[in-house]
Amino acid sequence: MKKDPKRLSVERIYQKKTQLEHILLRPDSYIGSVEPVTQQMWVFDEDAGLNCRDVTFVPGLYKIFDEILVNAADNKQRDKSMSCIKVIIDVENNTISVWNNGKGIPVVEHKVEKVFVPALIFGQLLTSSNYDDDEKKVTGGRNGYGAKLCNIFSTKFTVETACKESKKCFKQTWYDNMGRAGEASIKPFDGEEYTCITFKPDLAKCYHLCGSFLSQFIFNLDFLNIP
């Protein structure tokens, strides 16, 4: 009996993927569509201020930015003295940076996972500080993906944080959709705490940073109340 050359093998039909592979293969399940959509939204235009108009943007790109922004805003809940969030969007170099002056992430090794806490939070899937269901939720995120999705959909993703309690400063960079981690830099620290996330969205997977999309980013920032 002749084999049909067009017939797929069992191995081709039934496949197992890692979590990382599945996220990259099916981004819509995690960050929404990676195709541009146009819809009417409130945005902030430099010349007209708040303006309701048609905006073309990529939901997935908006989502990964929002994950980092929500993390920064959540820090206000943990540290009432936090007073500033800075966002820098460099369209020419395809880089977004989100900085806050709240309490830094503990620069200590996790005793169970044997990895420094900032690396655990931003570089390993299904890690979260919001798994306690008995605790009242006042912050975003609870499923262990969060900011890691931004790392996964970026060609370069850098975490910097300084912690007074640990008296250390931590910096580490991931590359190629969280596929490769650079060496962590840990130095003594004595100054004001901060956390800064800088990333280059993978434009091949998330389309592009366009002007109307940036207007929506700015509008989103206007709703962050950091007194």
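**View 1. A low-confidence stretch covers residues 222-227 of this predicted model.** Throughout these residues pLDDT stays under 50. The model has 12 contacts beyond four places in sequence for them. Helix α7 (residues 211-222) has a mean of 50, the lowest confidence in the chain.

**View 2. Residues 130-143 form another stretch where pLDDT stays under 50.** How many contacts beyond four places in sequence does the model have for residues 130-143? There are 19. For the wider picture, the mean pLDDT of the chain is 80, and 74% of its residues reach 70 or more. Confidence is highest in β6, at 97.

**View 3. F116 and F170 make a tilted ring pair.** The structure holds four aromatic pairs, and here we look at one of them. A pair of aromatic rings is described by the distance of the centres and the angle of the planes. The ring centres of F116 and F170 are 6.4 Å apart, and their planes meet at 35°, so the pair is tilted. Where do the two partners lie? F116 sits in the loop between β4 (95-100) and α4 (117-123), while F170 belongs to strand β6 (residues 168-175), so this pair ties together parts that are 54 residues apart in sequence. F116 is partly exposed, with a relative accessibility of 24%, whereas F170 is buried at 1%.

**View 4. F122 and F157 form a tilted pair that links distant parts of the chain.** Their ring centres lie 6.1 Å apart with the planes at 40°, so this pair is tilted. F122 comes from helix α4 and F157 from strand β5 (residues 154-163), 35 residues apart. Are these two residues buried or exposed? F122 is buried, with a relative accessible area of 3%, and F157 is buried too, at 0%. Now look for W174: ring pairs link F122, F157 and W174 into a cluster.

**View 5. K86 lies over the face of W99.** Take a moment to find the ring of W99 in the structure. K86 is placed at 4.8 Å from the centre of that ring.

**View 6. C150 and C196 are two buried cysteines.** How much relative accessible area does C150 have? The value is 0%, so C150 is buried. C196 has 9% relative accessibility and also counts as buried, because buried means under 20%. If you are looking for disulfides, a search of the whole structure finds zero.

Note on methods
Residues numbered from 1 in each chain as written. Predicted model: local features only at pLDDT ≥ 70, side-chain atom pairs only at ≥ 80, totals over all residues. Heavy atoms only, no water. Disulfide = S-S within 2.5 Å. Buried < 20%, exposed > 50% of the residue type's maximum accessible area, 1.4 Å probe, protein only. Phe/Tyr/Trp six-rings, centres within 6.5 Å; stacked < 30°, edge-to-face > 60°. Helix = DSSP H or I, 4+ residues; strand = E, 2+ residues; numbered from the N terminus. Lys NZ or Arg CZ within 6 Å of the ring centre and 35° of its normal. pLDDT = per-residue confidence, 0-100. Contact = heavy atoms within 4.5 Å.
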